[in-house]
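Visitor: Please take one part of this structure and go through it closely. Which residues does it hold, what surrounds it, and how are its charged side chains placed?

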Amino acid sequence: MILSKKTLEKLRELINEETEYRSGPKLVEFFNNLGTNDSYGQGFPSRWKYTDDKLSKINGTPELDKCIRNVLAPVNFIGNFQKLDEHIRDFNQYLTFDKWKVLRNQAELTFQKLDKVEINEEIQGKNSENEFLRREFKDIDVSHLGLEGAVSDVLRHRIKEMEKCFSAESSLAVILLAGSTLEGILLGLAIKYPRQFNTSNASPKDGTGKVKQFHDWNLSAFIDVAREIGLIQHDTQKFSHSLRDFRNYIHPFEQMSSGFKPREHTAKICLQVLKAAIYEIGENINKIRT
């Protein structure tokens, strides 16, 4: 099969981050299993560039089919086939524009050629949202993020405040606090790990191509960089952008012109986004500490 650039980008995310985090040596091993003979050492390109180059070379060959089967191999998801099916469903949203579809029958993966692009936006979006809201986080502790003690104290207080606001059905307060708290966390991490944030492909640039100072970054940029350097997952990135949009209603005239009316459901999503981000950053922070 021949896949579009957008679908290959999604496949790269599945290989590099989403199914498991693959370091440079792991990526070399992954693609060597597809017939290449690379070695990892000095001068190795970024993980993203290496994967992009490899996928570009095998696009339209039988090795691409094997690549997809390997990254979505059911044997790698024993005990968590629900997660595998989420990956397949998410990937199929891209594949459909190439008129292909991945199907799983027990431990067997097959490819179906489509006659037309199949989109069921409402069902897919609703399922994705429900799955995100069902996630449970046992240990949400900002101290795991490694930020300064005074900052962690402020963040801890804000989270307690948000939970009180949610219980009191103060939805707008939850939305605004969640957005500003997420931005505070990501700014704090950027200040502590400037090299990792500044060298990300997603870092915002000025007119001369120079990376902007952190105080000129918006929440959208912080979210995308956090995703690229492996701090948060794809679904958290997606719903974080929804939180960012809602947070813009801190301006009364913006809320009035849009007719936005904060609901408990919206507040629940925003609070879940913040919890997911804190949990995932705590789990992945060691990736950028080296």
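Guide: Contact here means heavy atoms within 4.5 Å. Helices (H or I, at least four residues) and strands (E, at least two) are DSSP runs, numbered from the N terminus. The model is predicted: local features need pLDDT of at least 70, side-chain atom pairs count only at pLDDT 80 or more, and totals for chains, interfaces and linings use all residues. Residues are numbered from 1 along each chain as its sequence is written, and side-chain values use heavy atoms, with hydrogens and water left out.

The part chosen is helix 1, residues 5-18. First, the confidence. On the pLDDT scale (the predictor's confidence in each residue, from 0 to 100), the protein has a mean of 86, and 92% of its residues reach 70 or more. Helix 4 has the highest mean, 96, and helix 6 (residues 121-134) the lowest, 59.

The length of helix 1 can be checked against its residue count. The expected span of a helix is 1.5 Å times one less than its number of residues. For the 14 residues of helix 1 that gives 20 Å, and the end C-alpha atoms are 18 Å apart, which agrees.

Burial comes next. A residue is buried under 20% relative accessible area, exposed over 50% and partly exposed in between (1.4 Å probe, protein chains only). Because 11 of its 14 residues are buried, helix 1 is largely enclosed by the rest of the structure. The buried set is Thr7, Leu8, Lys10, Leu11, Arg12, Glu13, Leu14, Ile15, Asn16, Glu17 and Glu18. The cover over these residues includes helix 2 (24-32), helix 3 (47-58), helix 4 (62-71), helix 5 (81-95), helix 10 (219-228) and helix 11 (234-247).

Asn16, which lies in helix 1, gives a detailed view of that cover. Its relative accessibility is 0%, so Asn16 counts as buried. Neighbours within four places in sequence aside, Asn16 is in contact with Tyr21, Arg22, Leu27, Arg47, Trp48 and Thr51.

Thr7, another buried residue of helix 1, leads to Asp98. That aspartate sits in the loop between helix 5 and strand 1 (100-105). With neighbours within four places in sequence left out, the contacts of Asp98 are Ile2, Leu3, Ser4, Thr7 and Lys113. The side chain of Asp98 also reaches the backbone nitrogen of Ser4 at 3.1 Å. This is a polar contact, a pair of N or O atoms within 3.5 Å; within protein, one must be able to donate a hydrogen and the other to accept it, and residues adjacent in sequence count only if both atoms are side-chain atoms.

Asp98 is buried yet has no salt bridge, and the nearest side chain of opposite charge, Lys113, is 8.2 Å away. For charge, Lys and Arg count as positive and Asp and Glu as negative, while His and the chain ends are not counted. A salt bridge is a side-chain nitrogen of Lys or Arg within 4 Å of a carboxyl oxygen of Asp or Glu.

Over the whole structure, 13 salt bridges are found. One of them joins the side chains of Lys5 and Glu9, at 2.6 Å from N to O. Lys5 and Glu9 are four residues apart in helix 1, so about one helical turn separates them. Lys5, at 62% relative accessibility, counts as exposed, and Glu9, at 23%, counts as partly exposed. Lys10 and Glu18, both among the buried residues of helix 1, belong with Asp90 and Arg227 to a network of salt bridges.

Helix 3, part of the cover over helix 1, has salt bridges of its own. Lys49 and Asp53 both lie in helix 3, four residues apart, about one turn of the helix, and their side chains meet at 2.9 Å, N to O. Both count as partly exposed, Asp53 at 33% relative accessibility and Lys49 at 46%. Asp38 forms a salt bridge with Lys54, the closest N and O atoms being 2.7 Å apart. Asp38 lies in the loop between helix 2 and helix 3 and Lys54 in helix 3, so the pair ties together parts that are 16 residues apart in sequence. Asp38 counts as partly exposed at 25% relative accessibility, whereas Lys54, at 11%, counts as buried.
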